[in-house]
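I opened this entry to keep a record of what I looked up, taking helix packing before sheets and the chain contact last.

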Amino acid sequence: MTEHLISPGRSDRLATSSVRALLFLLRARAVLVLLLLLILFSALAPSFLTANNLSILSKHVAISAILAIGMTFVVLTGGIDLSVGSVAGLGGMVAGYLLTQGLPFGGSVHYPGVLVAILIALAVCFAVGLLNGWLVAKAGVAPFIATLGTLYIARGAALLLSNGKTFPNLGGVAVRGNTGFTLLGQSFLLGIPLPVWIMLVLFGVVALVAAKTPLGRHVYAVGGNERAARLAGIRVPRVKLVTYLVSSLCAALVGLIIASQLEAAHPATGESFELNAIAAVVLGGTSLMGGRGSVTGSLIGAFVIGVLSDGLVMLGVSEFWQMVIKGTVIVLAVAIDQLQSRLQAKFLPYLLSASPEDAQ
Amino acid sequence: MSDAAPDIVLEARAITKRYPGTIALDRVTFRAYRNQVNVLIGENGAGKSTLMRILAGVEAADEGDLLLDGSPISVRSPREAAAHGISIVHQELSTLPNLDISENIFAGRELVKAAILVDRPLQDFRSDAALRRLRKPMPVRTPAAQLSLGCRQIAEAARTLDQGARILILDEPTSALSTAEADSLFQVIADLKRAGVTIIYISHRLNELLHLGDCFTVLRSGRVVGEALRAEVSRQWIVERMSGNAGTGDVQSRVPIAGAPELLVVKGLSLAASGTDEAAQAPLHDLSFTLRRGEILGVYGLLGAGRTELLELLAGSRPSLAGQIILGGKQLHISNVADAVKAGIVLVPEDRQRDGLIPEMSIRENISLGSEKGFFLSRARETLRVRELAGELNIAARDLELPVTALSGGNQQKALIARCMMRSPSLLLLDEPTRGVDAVAKLEVYRILRRLAAKGLAILFTSSEIEETRTLADRVLVLCQGRISAEFSSNELTDESLFAAASPAVSSAHPSQSSELHAHD
């Protein structure tokens, strides 16, 4: 029986190939937009395609890309993490505090080494991720509310650490043995900035987990149909917890990188970064309803946003117009996403029956 | 037909409705007689609810006409249906729990004064009047969340009455009601009839139908298979037409399992009733039974009897109140699904779309979901195992990498059985194993389950279909209002005895049960 297929007629079969082409273009839209932007900006601004500019551009992109990569898993489960910007700020401030203020210990002040300072900063942010995950997975708080709460908590904690001031001179003092923090954000490896390497490594790991591990598949399953995932024996709370931990750790790295680049930790660092990260994820084709999307998409989405804003700056477009353009691009992307899924659902039977023999 | 025209108030003529994969209604002609209780009977999937949704304007028919008082009408929305005086009280109640009774009665059609303000006094007055007509006066400002299910039903009936309904459709109104609540609903129906309202009544409950009905129509697999007046209708007449005693004996000969070891022993399993909304659960009272290796045990019961609750309890998705579950001689402590899976118990849920499939994923990923092991997936090993199972279960798919939504209902069901078999279980639970599956695929699912049982798998399934229960089960337990009311072996099973055991008695003939009722009146 071919009961599950609406048998297409001859003319439909001809239409099938154009439908396929259209769907392919829609699916590859982020890459196409990125290419388009690159061509456009290199034509309009001669200095756009220079090694120096691309290096600066990639550093900017790395920041939002790392956040977006971390955010992807959360969004794939149908959640959202609004706290990443604040967590980035907190991570930088913890490291800044340890490097400049040290820890009072038995009457004297001890200055931990750079590595220890970084690890402690990561651990503090890990705790925020744990709190997010616990609130969402165990306490049943809506992700939007839970992470909105931790957004304020983490930002407040960052401000409390310095009473609102900036920790300057994170370069360290040789006598204290805590120099070298600046390497994280400012050094190069094979001519490529270290933050870009960090972005690439994170991308590789997270993409691998998404595609090749049971955890990755469970993330998609939870987002696709949480009830079904639970009834299939998947430990849904654990999966959700892991996604928030990944997100917070990526945010912490971003905070550390920025502090290292600036050689200063500012408590307001990362404000509204969560919006850039979400925008990148959504531009990359990940559905906010969960279950559909990819880490690669998020990386491309981050590039689109980065190229767009840097390119517009180079063209001398006013900051206000930049915001309008960025918003338009995001809204268009999501609208096209809806169009794509509707078209795909509509044409699925045609696409399936395009090959001659049908299932019995 | 024209000679009977004066009596027919609403006629659905040659209605056909197709869904992807199945024909829900196949040229169905249904007549509702004026001022009568018109009973529509049929098993799950027979097309009753689809037909009613078409009458009420919730869905459109692909072919066919609706005639009201002999002239064709078009009903494209519930609003249009209401304008013609046709109203429906859905099986799943649509009361809004956060609003009070009078707000519910006027939800979506609020009365206004001064052009923009809601006229609460008038709404309250008319609500009160409608409730009085139903002889069920209640304080109209009571929040719906505080009402029992029976009272909510009355509020919905009041809503339809206030809308001037001439034809009231009640879709399985008693499935979630206690005996006393059902009795008072029957009172209301009698009152409505007297007030000149035509009732279309859908139910599986035989006793209730024989008690209430004036005209009977039986649907089976989307076709009308019987039409008669009360005088000509007997219990046997209904059961024969509903179950369609034909051509199903060929599923496969049964393997004698009398000597097989007992695998599952359930003792004193109980569950408290809770909730009134979609999360409502029926109570279970002190269930005890056993299941042998290689045996297929059917649990038959009507809607609300506690079938799904029993399976979900065994599968770990619902915590139990009391009782023991012993599997293979070991007492189990199941607190979640993962525990049950580890112990070897797996469930194919009733609602595939809601509880089973991940629509975004491929057939392969859906089948292997939950049985992935280790840190990295082995695509090759997984594909091999899935392909093997897909072959064994006859999953007809051109390519296992296609989205699972590309499969027909029957093949989706087989994919979910395959997901369960990936875990090499010792006990397979199926909730309505062939819901939404066409007739041919149904028999195939039965054959597959027989084959699995012959290999030593213990199978426990629940069904609200007599035919399915008769065809598939070696032994049948009948659940009625949370209790085991009868047990049959396959050779002593008759359709009538099964149905009788499942039907709760009409009228308060069971004074012993009154302690657990929570009717408000």
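**Helix packing in chain A**

I began with the contact between two helices of chain A, where Ser64(A), Leu67(A), Ala68(A), Met71(A), Thr72(A) and Val75(A) of α3(A) meet Phe273(A), Asn276(A), Ala277(A), Ile278(A), Ala280(A) and Val281(A) of α12(A). I sorted the residues of this contact by class and found nine nonpolar, three polar and no charged. I note here that the model is a predicted one.

I then looked up the geometry of the pair: the axes of α3 (residues 51-76) and α12 (residues 273-283) of chain A come within 8 Å and cross at roughly 65 degrees. Since angles from 65 to 115 degrees count as roughly perpendicular, α3(A) is therefore roughly perpendicular to α12(A). The crossing in which α3(A) passes α12(A) is right-handed.

For a second pair I took helix α9 (residues 214-224) and helix α11 (residues 236-262) of chain A, whose axes come within 10 Å and cross at roughly 105 degrees, so α9(A) is roughly perpendicular to α11(A). On the α9(A) side I listed Leu215(A), His218(A), Val219(A) and Val222(A), which meet Val236(A), Val239(A), Lys240(A), Val242(A) and Thr243(A) in α11(A). This contact divides into six nonpolar residues, two polar and one charged.

**Chain A as a whole**

I counted 14 helices and four strands in chain A. Its C-alpha atoms fill a box of roughly 85 × 55 × 35 Å along the principal axes. I also checked the radius of gyration, which is 23 Å for chain A and agrees with the value near 21 Å that a compact globule of 360 residues would have.

**Sheets in chain B**

Turning to chain B, I traced an open sheet of six strands with mixed pairing, in the order β6-β9-β10-β3-β11-β12. Which strands stand at the edges of this sheet? They are β6 (86-89) and β12 (223-229) of chain B, and because each has a single partner strand, one side of each is left without a neighbour in the sheet. From one strand to the next the twist averages 20 degrees.

Within that sheet I followed β3 (residues 37-41) and β10 (residues 198-202) of chain B, which pair in the parallel sense over four bridges, with Val39(B) standing opposite Tyr201(B) in β10(B).

Two helices lie across these strands. Helix α1 (residues 48-55) of chain B lies across β3, β6, β9 (167-171), β10 and β11 (215-220) of chain B and runs at about 150 degrees to β9(B), while helix α5 (residues 149-162) of chain B lies across β6 and β9 of chain B, at about 170 degrees to β6(B).

I found another open sheet in chain B, of four strands in the order β14-β13-β16-β17, with antiparallel pairing. Its edge strands are β14 (284-292) and β17 (330-331) of chain B, each of which pairs on one side only. Between β13 (residues 262-271) and β16 (residues 322-327) of chain B, which run antiparallel, I noted five bridges, and the bridge partner of Leu264(B) in β16(B) is Leu327(B).

**Where the chains touch**

Last, I looked up the contact between the chains, which takes 33 residues from chain B and 26 residues from chain A. On the chain B side, the elements that give two or more residues are α10 (337-343) and α11 (352-356) of chain B. By class, that side of chain B has 20 nonpolar, five polar and eight charged residues.

How values were computed. Residues are numbered from 1 along each chain as its sequence is written. Chains are lettered from A and ligands numbered from 1 in the order in which they are written. This is a predicted model: local features need pLDDT of at least 70, side-chain atom pairs count only at pLDDT 80 or more; totals for chains, interfaces and linings use all residues. Two residues are in contact if their C-beta atoms, placed from the backbone, lie within 7 Å. Ala, Val, Leu, Ile, Met, Phe, Trp, Tyr, Cys and Pro count as nonpolar, Asp, Glu, Lys and Arg as charged, and the others, Gly among them, as polar. Two strands pair if DSSP finds at least two bridges between them. Axes are lines fitted to C-alpha atoms, for helices over the stretch in contact, and angles run from 0 to 180 degrees between N-to-C directions. Angles under 35 degrees count as roughly parallel, over 145 as roughly antiparallel, 65 to 115 as roughly perpendicular and the rest as oblique. A crossing is left-handed if the near helix is turned anticlockwise from the far one by less than a right angle, and right-handed if clockwise. The radius of gyration is taken over C-alpha atoms; the globule rule is 2.2 Å times the number of residues to the power 0.38.
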